[in-house]
Amino acid sequence: MEKLLVSCEELAGLIGAPSVRIVDTRWPVGDGPAGRGLYRRSRVPGAVYLGFDATQAPSPQPQGRAAHPATLATALAGLGVGTDTTVVAYDDNHQFTAARLVWLMRAHGFERSFRLDGGWPAWLRSGGPVETGPTSWRPGATRPPFLSQAGPAVAGLDDVLAHQAAGLPIVDCRRDSSWAEQPQLIPGATRLPMRMLVDSSGLHLPPSRIRSAAAAAGIGVSTPVVAYCGAAISAPAVWLALRSAGIAGVRVYDGSITEWIADGRPLSPAAECRPEQPRVAQPRTAMPAGREGAGDAPATEDR
């Protein structure tokens, strides 16, 4: 199985390592730019910041379409990420921007990129150190890392059409609030939101349980599958979870349902969606009082 996740304990041991860059990617739903303010107030010590906007192609491309690899490499170099750097990214575990960054970096051949399991809420619950006030990191001259053209982790519209024609799995990974606004699917798709792949504290389920949830959506260990959402944020989180569980044939449609609709493609009514499978809840761990984010909604709600 592919290692794509880092635990809070592992991250604590990496703080201050010269070859490691910790990247805060928080981009709140409805007010993404506010993420930089959250970063300035409190963060994992030594972390740098990269917003969702730095990872997507400019207009008029559909929202969520991946940025050109040279553009992404330049943005990463500005954060001190070079060819030999190890990157650990974290998000708010609701808007999965860290999973998106890891997916893009891996898709472009940068293998030393990982997501913090459970994101910022898990870090707070773990009692990990928090840096406040001015950041301790200072930019320096860094040669941009080499990022290849997008590999098989990225799917396009033609790939979705090919999956439809062959009857191969397509999964809709939109969080529940997005689904409620538009309860329709790309024809042939099955719902597989991220909340089905994590426990009640927002940490990934064991690989065997992730594979069971995937099997309920028609996905086997060697099954080619295309995942989509609204703007390629939730789907990369599902991509990461499935690959971490040994399901290697998953790709993310970066244009997602936004491009599908803009292209005039039809959607299937909600009645055609397969029922979601029940999930056994895990005990919730209380957040420490007085730490920023401790009053946030549970990480597994509204996905």
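Helix α9, residues 234–244, lies across strands β11 and β12 and runs at about 175° to β12. Keep in mind that you're looking at a predicted model. The two strands under α9 are a good place to start, since β11 and β12 run parallel and are joined by three bridges. If you want one spot to click on, take V226, whose bridge partner in β12 is R251.

Now let's widen the view to the rest of that sheet. Five strands make up an open sheet in the order β8-β12-β11-β9-β10, with parallel pairing. Its edge strands are β8 (154–155) and β10 (189–191), and each of these pairs on one side only. Helix α6, residues 157–166, also packs on this sheet, touching β8, β9, β11 and β12 (250–253), and its direction makes about 125° with that of β12.

You can walk through the sheet bridge by bridge. On the β8 side, two bridges join β8 to β12, and the two strands run parallel. Here V154 has V252 as its bridge partner in β12. Moving to the other side of β11, strand β9 (residues 170–172) pairs with strand β11 (residues 225–228) in the parallel sense over three bridges. In that pairing I170 stands opposite V226. So what holds such neighbours together? Strands of a sheet pair through backbone hydrogen bonds, either parallel or antiparallel.

There's another sheet to look at. This one is also open, with five strands in the order β1-β6-β5-β2-β4 and parallel pairing. The edges are β1 (5–6) and β4 (48–49), each of them pairing on one side only. Helix α4, residues 97–107, packs on this sheet and touches β2 (20–24), β5 (86–90) and β6, with its direction at about 165° to that of β6. As for β1, this strand pairs with β6 (residues 113–116) in the parallel sense over two bridges, and V6 stands opposite L116.

Back to α9, because where does it meet α4, and at what angle? The two helices pack at an angle of about 65°, with their axes 8 Å apart. An angle of 65 to 115 degrees counts as roughly perpendicular, and α4 and α9 are therefore roughly perpendicular to each other. Their crossing is left-handed. On the α4 side the contact is made by A99, R100, V102, W103 and R106, while α9 brings in P236, A237, W239 and L240. Sorted by class, this contact has seven nonpolar residues, two charged ones and no polar ones.

One more helix deserves a stop: α5, residues 119–126. Seven of its eight residues are buried, so α5 is largely enclosed by the rest of the structure. The buried ones are G119, W120, P121, A122, W123, L124 and R125. They pack against α1 (8–12), β3 (42–43), β5 and β6. Just after α5 you'll come to G127, which takes a positive phi of about 80°.

Finally, step back to the whole chain. The protein has ten helices and twelve strands, and 53% of its 303 residues count as buried. Among contacts with a separation of 6 or more, 77% come from residues 24 or more positions apart.

Conventions: Residues numbered from 1 in each chain as written. Predicted model: local features only at pLDDT ≥ 70, side-chain atom pairs only at ≥ 80, totals over all residues. Heavy atoms only, no water. Pairing = 2+ DSSP bridges. Helix = DSSP H or I, 4+ residues; strand = E, 2+ residues; numbered from the N terminus. Contact = heavy atoms within 4.5 Å. Axes fitted to C-alpha atoms, helices over the stretch in contact; angles between N-to-C directions. Buried < 20%, exposed > 50% of the residue type's maximum accessible area, 1.4 Å probe, protein only. Parallel < 35°, antiparallel > 145°, perpendicular 65-115°, else oblique. Left-handed = near helix turned anticlockwise from the far one by under 90°. Nonpolar A, V, L, I, M, F, W, Y, C, P; charged D, E, K, R; others polar.
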